[in-house]
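The exercises that follow ask you to work through a structure step by step, from backbone geometry to the contact between chains. Try each task before reading its solution.

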Amino acid sequence: MILGDLLGLPVFGTPSRGSAAGEYDGGRLGKVADARFVLDGQPHQLTSDARLLGLIVSPHSSGSFLGYERTEVRHPWPLPQLLRWRHRGSFLVLWEDIAFIGREEVQLRQGFTAYSTALDRPE
Amino acid sequence: MTLNRKPPPPAAGRILDAQLHLMDRQVLDVDAVPVTTVDDLELTDVDPNAEIPPGSPAPVIISLLTGPALGTRIFGGRPPSRRLVRIPWTDVSDVSVVIRLGVSGEHLDAGWVQRWVRDKIIARIPGGDHDPG
């Protein structure tokens with residue numbers, strides 16, 4: 001799988017059956033804006049495998065610019081504020097909550113958890 | 001608003017966001033010689049026609065991809081998979097402002113155009129086969 005094919009795909013929730021629809025159940029949630037990896041896979045001589053931790057879904061924009069929306073950086077005004085607004089509502093969904101990755105769309109499991117996209121340390 | 005959600009469970013290793021930390025980064029070989037830039041990433045396959053069974057292992061990065069990406073960036077799409085040159089992830093030694101490899105770039109397919117130009121054209125120009133001075 002080539003990552004470029006995954007970025008920008010629309011993301012849908014799984015419609016709930018009978019139960020009260022939650023905030024994110026069913027419908028289009030946004031687009032895949034980025035993929036988050038963690039270096040905790042099988043160790044090799046130089047580095048470890050980079051495992052897909054999850055996908056960052058943005059409701060308003062599939063692109064990302066410098067990741068201002070994932071850090072607390074506030075300067076130079078007004079760029080961070082503008083870019084943070086453009087990515088308002090974006091969230092991280094873990095691999096365990098992804099039900100389907102097709103050629104045209106990504107579908108999440110019912111009752112998935114939307115986590116903060118914040119990075120621990122800005123880079 | 002984006003930062004106010006619940007943080008994900010802590011991960012054991014370093015976190016890398018593909019677009020922020022990997023894509024378009026310059027790749028240097030073990031001697032700090034520029035090799036290429038990262039145009040895309042190749043992951044282990046996920047069946048696009050079937051639901052992912054709960055508990056399935058997550059995809060991992062197999063290789064960094066580089067290739068003729070300029071045209072497709074302007075006009076859309078991406079180069080065919082067979083046209084992309086692969087640098088195995090196991091050759092990567094560090095990810096920072098640049099991506100460092102633990103191997104020499106002299107033998108990687110990613111630099112064959114530069115090597116060809118150097119050996120077939122530059123070296124035939126008088127004085128082109130040695131350092132100036």
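Helices, with at least four residues of type H or I, and strands, with at least two of type E, are DSSP runs numbered from the N terminus. The model is a predicted one, and local features are reported for it only where pLDDT is at least 70.

**Exercise 1. Backbone geometry**

Determine where B:Asp24 lies in chain B, and what the sign of its phi is.

Solution. Begin with the place of the residue: B:Asp24 belongs to the loop between helix 1 and strand 2 of chain B. Next take the backbone angle, which for B:Asp24 is a positive phi of about 70°, although the residue is not a glycine. Most residues other than glycine have a negative phi, and most peptide bonds are trans. With the second half of that rule in mind, turn to chain A, where a cis peptide bond with omega of about 0° joins A:His75 and A:Pro76, and another cis peptide bond, with omega of about 5°, joins A:Trp77 and A:Pro78. A:Pro76 is located in the loop between strand 3 (51-58) and helix 2 (79-86) of chain A, and A:Pro78 is likewise placed in the loop between strand 3 and helix 2.

**Exercise 2. The surroundings of an arginine**

Find which backbone oxygen the side chain of B:Arg25 reaches.

Solution. First locate B:Arg25, which lies in the loop between helix 1 and strand 2 (26-28) of chain B. Its side chain reaches the backbone oxygen of B:Leu20 at 2.6 Å. Then widen the view: with neighbours within four places in sequence left aside, the residues in contact with B:Arg25 include B:Thr36, B:Thr37, B:Val38 and B:Ser96.

**Exercise 3. The largest pocket**

Work out which elements give two or more residues to the lining of the largest pocket.

Solution. Start with the volume, which is about 720 Å³ for the largest pocket. Its lining consists of 29 residues, and those nearest the centre are A:Leu7, B:Gln19, B:Met23, B:Asp24 and B:Arg73. Two or more lining residues come from each of helix 1 (3-6) of chain A, helix 1 (18-22) of chain B and helix 2 (70-75) of chain B. Sorted by class, the lining holds 11 nonpolar, 10 polar and eight charged residues.

**Exercise 4. The contact between the chains**

State how many salt bridges the rule finds across the interface of chain B and chain A, and explain why the pair of B:Arg78 and A:Asp5 joins two chains.

Solution. The size of an interface is often given as the accessible area lost when the parts come together. Here the area buried between chain B and chain A is about 4,600 Å², with 61% of it from carbon and sulfur atoms, and the contact draws on 56 residues from chain A and 51 residues from chain B. Now count the charged pairs: four salt bridges are found across this interface, and A:Arg109 forms a salt bridge with B:Glu51, with 3.7 Å between the closest N and O atoms. B:Arg78 and A:Asp5 also meet through their side chains in a salt bridge, at 2.7 Å from N to O. B:Arg78 lies in the loop between helix 2 and strand 6 (85-88) of chain B, whereas A:Asp5 is in helix 1 of chain A, so the pair joins two chains.

How values were computed
Residues are numbered from 1 along each chain as its sequence is written. Chains are lettered from A and ligands numbered from 1 in the order in which they are written. This is a predicted model: local features need pLDDT of at least 70, side-chain atom pairs count only at pLDDT 80 or more; totals for chains, interfaces and linings use all residues. Side-chain values use heavy atoms; hydrogens and water are left out. On a 1 Å grid over the protein atoms alone, a cavity is a set of points where a 1.4 Å probe fits but cannot get out, and a pocket is an open set with protein on both sides within 12 Å along at least five of seven lines; lining residues have an atom within 4 Å of a point. Grid points are joined across faces, edges and corners, and a volume is the space filled by probe spheres set on the points. Ala, Val, Leu, Ile, Met, Phe, Trp, Tyr, Cys and Pro count as nonpolar, Asp, Glu, Lys and Arg as charged, and the others, Gly among them, as polar. Contact means heavy atoms within 4.5 Å. Buried area is the accessible area (1.4 Å probe) that two parts lose on being put together, summed over both. A polar contact is a pair of N or O atoms within 3.5 Å; within protein, one must be able to donate a hydrogen and the other to accept it, and residues adjacent in sequence count only if both atoms are side-chain atoms.
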